[in-house]
Amino acid sequence: MNTATKLGSYVLGLAVVFGGALGAGKAVGPVAAPAVEDHSAMTAPTASAGHGEHATQQATNDTPGGLQVSENGYTLNPLTETIKPGEPTDVRFTVTGPDGRPVTDYQVEHDKKLHFIVVSRDLESFQHVHPDMTPDGTWSVKLTLPKAGPYRAFADFAPTGGDGLTLGTDLSVAGDYKPEALPQESRTATVDGYTVTLDGELTPGQASKLTLKVSKDGKPVTDLQPYLGAYGHLVALRARDLAYLHVHPDGEPGDGKTKAGPEIVFYAEVPSTGDYRLFLDFQHEGEVRTADFTLGAGRQPAIPTPAPSGHGH
């Protein structure tokens, strides 16, 4: 995946609904979602649409994805107790099922059985990785968390024969914690010589079209490479509670109509007014990079206060 500490990554070109599941991704000025296309398979009201069946499962659940450590009998169990800032650490966990045993059978969605996203609570650090699983159901991945403080980890998966879920748990990195302020609203992100611009608005409760455009050295990138079965992956997180939303682009590589850039289109539906952090992962020239954005949803433009009328001083 992309640089772990870069505040940017995973942008929009997709169908989305906040409230339910991760898959792990990123974002983009006002455009209405087309009424003609049915994006219901990719979005679920007040639920995050991630991989596979997530939209269906989440549509019946009003709680946004990632806020619960346990759902529908499945529980995310962290096994790593000590994490030091800046040091590579083997982060281990299991997912137990309704029978209390670690789950070992998962559906493959977007080329992986499980997507694992780790973000700092101040949303300054973002990582989307893919752990390995041992036969007994223990997942592990080497992570370097850049600074001390609280982190949130999300496991996005679908057990074989079941619906997609996004479960979340807290991780702590020892040391003095200095939270960063939420980055101001942004529509342009730069990473490794690439510039990604975001066009579209987030409207609570409505499918919103977000278009992300990738360029390098001032020239449009028209040869994006598929990454996990798509030209871009987006993760959106609500700033105040880190409710999780994972969305994917409209269209897919090889479908005969989706171009390999420079634009990636997503449809996103967020559950509430507020600030969101969007992380877009895209691949070019063999490397995955992450662009990040801050976007507000449902804000009304400020009404200027008229100057008081009066007679002189």
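A nonpolar core is a set of buried Ala, Val, Leu, Ile, Met, Phe, Trp, Tyr and Cys residues joined through side-chain atoms within 4.5 Å. The views below come from a predicted model.

**View 1. The largest nonpolar core has 29 residues.** Six residues have the most contacts inside this core: Val196, Leu202, Val214, Leu278, Phe282 and Phe293. Several strands give two or more residues to the core. Among them are strand 10 (188–191), strand 11 (194–199) and strand 12 (208–216). Strand 14 (233–238), strand 15 (244–247) and strand 16 (263–268) also do so. So do strand 17 (274–284) and strand 18 (287–297).

**View 2. A second core is separate from the largest one.** This second core holds 24 residues. Look for Tyr74, Ile83, Val141 and Leu145, which are included in it.

**View 3. The whole chain is shown for orientation, with one helix and 18 strands.** The chain has 313 residues, and 52% of them are buried. About 13,700 Å² of the chain is exposed. Carbon and sulfur atoms supply 48% of that area.

**View 4. A cis peptide bond joins Gly261 to Pro262.** Omega is near 0° for this bond. Most peptide bonds are trans. Where is Pro262? Pro262 sits in the loop between strand 15 and strand 16.

**View 5. Asn72 has a positive phi.** The value is about 55°, although Asn72 is not a glycine. Most residues other than glycine have a negative phi. Asn72 belongs to the loop between strand 1 (70–71) and strand 2 (74–78).

**View 6. Glu285 is another residue other than glycine with a positive phi.** Its phi is near 55°. Glu285 lies in the loop between strand 17 and strand 18. Is Glu285 buried or exposed? The cut-off for exposed is over 50% relative accessible area. Glu285 has 53% relative accessibility, so Glu285 counts as exposed.

**View 7. Glu285 is shown with residues from elsewhere in the sequence.** Which residues does Glu285 contact, leaving aside its neighbours within four places in sequence? Glu285 is in contact with Tyr194, Lys216 and Gln225. Now find Asp223. Glu285 and Asp223 are 62 residues apart in sequence. In space, their C-alpha atoms are 8.7 Å apart.

Definitions and conventions: Residues are numbered from 1 along each chain as its sequence is written. This is a predicted model: local features need pLDDT of at least 70, side-chain atom pairs count only at pLDDT 80 or more; totals for chains, interfaces and linings use all residues. Side-chain values use heavy atoms; hydrogens and water are left out. Buried means under 20% relative accessible area, exposed over 50%, partly exposed in between (1.4 Å probe, protein chains only). Helices (H or I, at least four residues) and strands (E, at least two) are DSSP runs, numbered from the N terminus. Accessible areas come from the Shrake-Rupley method with a 1.4 Å probe; for residues, only the protein chains shown count as cover. Contact means heavy atoms within 4.5 Å.
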